[in-house]
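Trainee: Could you take me through one part of this model in close detail? I would like to learn how to read a single helix and then look around it.

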Amino acid sequence: MAEDIPLTSFSLTHVHYDPTDQISYLCAWLALVPQGLCVMYVTLIWSTREIEIVLLGAGQFVCEVLNFALKRLIKEERPPRMNGKGYGMPSSHAQFVTFFAVSMALFLLFRHQPPGPERRRGNHSPMTMLERAFWSAAGLAGAFTVAWSRVYLNYHTEKQVLVGCTAGLVIAVAWFATTTILRRTGWVAWAMEIPVVKWLRVRDLVVEEDLCQAGWEKWDDRMTALKARDKKRS
């Protein structure tokens, strides 16, 4: 490496905070939530092959592209004591987490349809509507906390965060409506029959079951069979 070339930091995970302020330190960790969610997307898509998660990840990508475009269209600078590079309107963190939280709430409250009592197995209890409402509220509260942290760390003004949250909300609702139309008109079912999609083992089960249900039922059935076999031997 040439000695006359100045070094720079990797800004994706570089966060400025006040080392004497514990709240500022916590906010610095909250700044990494979008990166953590990206890791979650990749992990869940690869491990579950659920089309619903693929659609959610695609919507999150569209949300980020629109944020990139809005920042360069509005061209509003960050606060005077600027922590961060580039334009500040709208806040990408606020838009990202709001899209995710609202999308999850819409899925849990309106799209997720767990099996009724007549189809329910004895070794699985799906989430009730009250539980789904609780997790939806928890996700929205988490998104609010991340958005607020951007103002506390002086990366954005209140207006930039508010606009980011509004943009995330609007895009989430629009994406949910779009995917609902794609489902009802049969486009998602058609895509599931494409040879390469079938080769990748993509499935569409999470709408009716939670991610751990199928694996738990299989494991529980196996353990029940083993116990019954051991009982016969004894």
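Mentor: We start with one helix and then visit a few residues elsewhere in the chain.

First, a word on confidence. This is a predicted model. The mean pLDDT of the chain is 84. Of its residues, 85% reach 70 or more. Confidence is highest in helix α6, residues 158-184, with a mean of 94. It is lowest in helix α9, residues 213-233, where the mean is 74.

Now go to helix α1, which spans residues 22-30. Which of its residues are buried? They are Ser24, Cys27, Ala28 and Leu30. Looking down the axis of α1, the buried residues fall within an arc of 155°, so they line one face of the helix. Turn to the other side of α1. There, Gln22, Leu26 and Trp29 are exposed. What covers the buried residues of α1? The cover includes α2 (33-48) and α5 (129-152).

Look at the start of α1 as well. A side-chain oxygen of Asp21 comes to within 2.9 Å of the backbone nitrogen of Ile23.

Helix α5 was part of that cover, and Trp135 sits in α5. Set aside its neighbours within four places in sequence. Trp135 is then in contact with Leu108 and Met127. Leu108 is 27 residues from Trp135 along the chain. Their C-alpha atoms are 8.4 Å apart.

Next, the loop between α3 (51-74) and α4 (92-111). Ser91 lies in this loop. Ser91 is buried, because its relative accessible area is 0%, and the cut-off for buried is under 20%. Among the residues Ser91 touches are Asn67, Arg150, His156 and Gln160, not counting those up to four places away in sequence. Val161 and Gly164 are also touched by Ser91. In addition, a polar atom of the Ser91 side chain lies 3.2 Å from the backbone nitrogen of Ala94.

Lys75 is in the loop between α3 and α4 too. Is Lys75 buried or exposed? Lys75 is exposed, because its relative accessible area is 51% and exposed means over 50%. Now check its backbone. Most residues other than glycine have a negative phi. Lys75 is not a glycine, yet its phi is positive, near 60°.

Arg201 also has a positive phi, about 60°, although it is not a glycine. Find Arg201 in the loop between α8 (195-199) and α9. Arg201 is exposed, with a relative accessible area of 58%.

Note on methods
Residues numbered from 1 in each chain as written. Predicted model: local features only at pLDDT ≥ 70, side-chain atom pairs only at ≥ 80, totals over all residues. Heavy atoms only, no water. Buried < 20%, exposed > 50% of the residue type's maximum accessible area, 1.4 Å probe, protein only. Helix = DSSP H or I, 4+ residues; strand = E, 2+ residues; numbered from the N terminus. Arc of directions from axis to C-beta. Contact = heavy atoms within 4.5 Å. Polar contact = N/O pair within 3.5 Å; in protein donor to acceptor, adjacent residues only side chain to side chain. pLDDT = per-residue confidence, 0-100.
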